[in-house]
Amino acid sequence: MNPFIKNKKQLSIFITAGFPTLNSTTNQILELQSKGVDFIEVGIPFSDPMADGVVIQESSSKALSNGMNMDILFDQLEAIKNDVHIPLVLMGYLNPVLQYGLEKFLIKCKDVKMASVILPDMSFEIYERFYQSLFEKYEIPMTFLITPTSSDERILKIVESSKKSFVYLVSHTSITGNKQTFQENLLERYSEIKALCKNVPLMIGFGISTKNDVEKAHKSCDGAIIGSAYIKSLIEKRDLVRELTP
Amino acid sequence: MEKIKKYTEVDDLGFYGHFGGAFVPELLRDNLEELTTFFLEIENDNAFQNEFLSLLKYYVGRPSPLYLSQKLSNEFKCPIFLKREDLNHTGSHKINNAIGQILLAKKMGKSEIVAETGAGQHGVATATVCALMNMKCIVFMGEKDIERQAPNVQRMKFLGAEVIPAKSGSKTLKDATNEAIRYWINHTNAYYLIGSVVGPHPYPAMVASFQSVISKEIKSQLKEMTGTENPTKIIACVGGGSNAAGAFFEYYDSNVELIAVEAGGLGVNSGYTAATSVVGNPGVLHGSLTLLMQDEYGQVVEPYSISAGLDYPGIGPLHAYTIQIGRTKSISVTDEEALKAAKKLAVYEGIIPALESAHAIAALEKLKFESNDVVVVNLSGRGDKDMETYLNLDSY
């Protein structure tokens, strides 16, 4: 069964593990769960996050200087695994995963009940050639990013491999935290993509920050993912989830 | 029978052996596919190649001389030739690749160029070709490099380029590259003119191909001067490794010894080094799987070298591959050894090398030569930009 749900207006939050403080990861997850967030992406900080804007870049370097690393992160996730009832997704750049050891990483993911993994700099082709068999061995479903300009053929191929996860639609071509979402000319494309996804949930992210954005996301996709805006709200000590939900 | 693959050939996903590939977010996929299509097209496009060679000849001033250094030859008891890339327009080998890529960008209908630069040599080369081709030019340069390579910053600005300081991380080449990639993701209509044999496929193969003119010339020049086109050793410095890729390119499938000189910084075991092949291990940075300086958790370690052009935590995947299989030998040279070599070449030959190239000269002291050796050192750039560093040395 797919833990990610189709046709329900979902809200997902991306957190940077170890930000703002090293031990804040677990409390944030439990708090977001209690506020009704549908699933959470736990970001593994990396020194060179090339697809991220300033907000997530800075949260990553702060997390690293706080001492966050893969061992600590898995310990933290282990401590709360029986208290978390919503899907958790580990998201990060490939290099820290490769250094940790992909097999060891997948075993740990299974131990701490990760629902899926997102590695934005690992393309579908590289996954197929080198890593797919290990992911399947440990039954950890991958989630892949697509963009409005991805070809239908490619989207269908990714949908086929995402039956136990979801498809992550990048709202527009830009790094994270860039507000140019829901340009009129893209709305139709979002709907086409949703049709291509059939039973696989389609979640949209990148540049989503306001209640209005979330509402728009729910018109064309199954869920909205918020990252930079959440990190920013932490810094500004605002309750973003409350602002976004009715 | 299976076709024997050349060292410089990549597979369908852009790998040299285990290294290379395209590890980029989906956001850049269309761009890289478009680039790959055009790159394959120009390889057999006579009009393109003619324009490229014509600009190299009449604009850059190629072929660059192959100069027999009498004094170095006397000292090391074998002929030592210097491939004078320092005499190219803009002062280094970087212009070869910049010319090739700007023609490609023009063919692709692009009008905005973004680039990263370390020492500023690639930035100057890019700003130059952008002026030549009437293109908008944005160059990212680490804040720390902007300070230590001020003359090149002024040259870029004078040529009409916008120089944007990269303020993240170590504020050097690695971070300038991150910023250039981010800019490219946000402006997919721009052309990313990468300066070295790094980055996602097809960049490493493309840059190596444009730089291969260096070894093509060495072959014909050496043939003319010595009667044989192969030296016994070729020495080149390596940061990302574009000048080395160019100097080695035509010689991979021969028995010529290829020596890549990395920046040892304060010493390979000092914690302040850029000797990637010694202290690095396989990892993914800037879109390719290569040898990478990193900690046990895969965070990229900040490299150190007095030379801004070698101050990079990775190495081109072609070099990672050929070093790993033993085809290329890597050695390292410290800051101090490079500085001494720069001074030596200045007083021996009246040639002031770039700090990067001085590493290749310094390598001569670390190698053993027989009298029947014929050695080519790729003098990748001139030292005008490094005068402040050179003049600050007490001993001189």
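The exercises below, each with a worked solution, concern the cavities, pockets, domains and cysteines of a predicted model.

**Exercise 1. Describe the largest cavity and work out where it lies relative to the domains of chain B.**

Step 1. Begin with the count and the volume: the structure holds six cavities of 30 Å³ or more, and the largest cavity has a volume of about 350 Å³.

Step 2. Turn next to the lining, which is made up of 30 residues, with B:His93, B:Lys94, B:Ser242, B:Gly309 and B:Glu356 the closest to the centre of the cavity. By class, this lining has eight nonpolar, 19 polar and three charged residues.

Step 3. Trace the lining to elements of chain B, where β5 (112-117), α5 (121-132), α8 (173-186), β9 (233-238), α11 (242-248) and α15 (355-362) each supply at least two residues.

Step 4. Place the cavity: domain 1 (16-55 + 94-207) and domain 2 (61-91 + 212-391) of chain B both give residues to the lining, so the largest cavity lies between them.

Step 5. Add the relation of the two domains of chain B, whose C-alpha centres lie 22 Å apart, while 41 residues of domain 1 are in contact with 41 residues of domain 2.

**Exercise 2. Determine which residues lie nearest the centre of the second largest cavity, and how its lining divides by class.**

Step 1. The volume of the second largest cavity is about 80 Å³.

Step 2. Of the 14 residues that line the second largest cavity, A:Pro120, A:Met122, A:Phe144, A:Leu145 and B:Glu26 lie nearest its centre. The elements that give two or more residues to this lining are β5 (144-146) and α7 (152-160) of chain A.

Step 3. Sorted by class, the lining of the second largest cavity has 10 nonpolar, two polar and two charged residues.

**Exercise 3. Characterise the largest pocket and the second largest pocket by volume, lining and contributing elements.**

Step 1. For the largest pocket, the space amounts to about 690 Å³, and of its 27 lining residues the closest to the centre are B:Phe39, B:Glu43, B:Ala205, B:Ser209 and B:Phe249.

Step 2. Helices α1 (29-43), α2 (46-60), α9 (203-211) and α10 (213-226) of chain B each supply at least two residues of the lining of the largest pocket, and the largest share, five residues, comes from α1(B). Domain 1 and domain 2 of chain B each contribute at least three residues to this lining, which by class has 12 nonpolar, seven polar and eight charged residues.

Step 3. For the second largest pocket, the volume is about 580 Å³, and among the 41 lining residues those closest to the centre are A:Ile56, A:Thr176, A:Gly177, A:Gly227 and A:Ser228.

Step 4. The largest share of the lining of the second largest pocket, four residues, comes from α2(A), and its residues divide into 21 nonpolar, 13 polar and seven charged.

**Exercise 4. Establish how many disulfides there are over all chains, and examine A:Cys197 and B:Cys130 as two cases.**

Step 1. Apply the cut-off, under which two cysteine sulfur atoms must lie within 2.5 Å; by this rule the count over all chains is zero disulfides.

Step 2. Take A:Cys197, whose sulfur is 8.3 Å from the closest cysteine sulfur, in A:Cys221, and therefore too far for a bond. A:Cys197 is buried, with a relative accessible area of 0%.

Step 3. Take B:Cys130, which is in no disulfide, the nearest cysteine sulfur, that of B:Cys137, being 3.8 Å away. B:Cys130 also counts as buried, at 1% relative accessibility.

Note on methods. Residues are numbered from 1 along each chain as its sequence is written. Chains are lettered from A and ligands numbered from 1 in the order in which they are written. This is a predicted model: local features need pLDDT of at least 70, side-chain atom pairs count only at pLDDT 80 or more; totals for chains, interfaces and linings use all residues. Side-chain values use heavy atoms; hydrogens and water are left out. On a 1 Å grid over the protein atoms alone, a cavity is a set of points where a 1.4 Å probe fits but cannot get out, and a pocket is an open set with protein on both sides within 12 Å along at least five of seven lines; lining residues have an atom within 4 Å of a point. Grid points are joined across faces, edges and corners, and a volume is the space filled by probe spheres set on the points. Ala, Val, Leu, Ile, Met, Phe, Trp, Tyr, Cys and Pro count as nonpolar, Asp, Glu, Lys and Arg as charged, and the others, Gly among them, as polar. Domain bounds come from an automatic or database domain assignment. Buried means under 20% relative accessible area, exposed over 50%, partly exposed in between (1.4 Å probe, protein chains only). Contact means heavy atoms within 4.5 Å.
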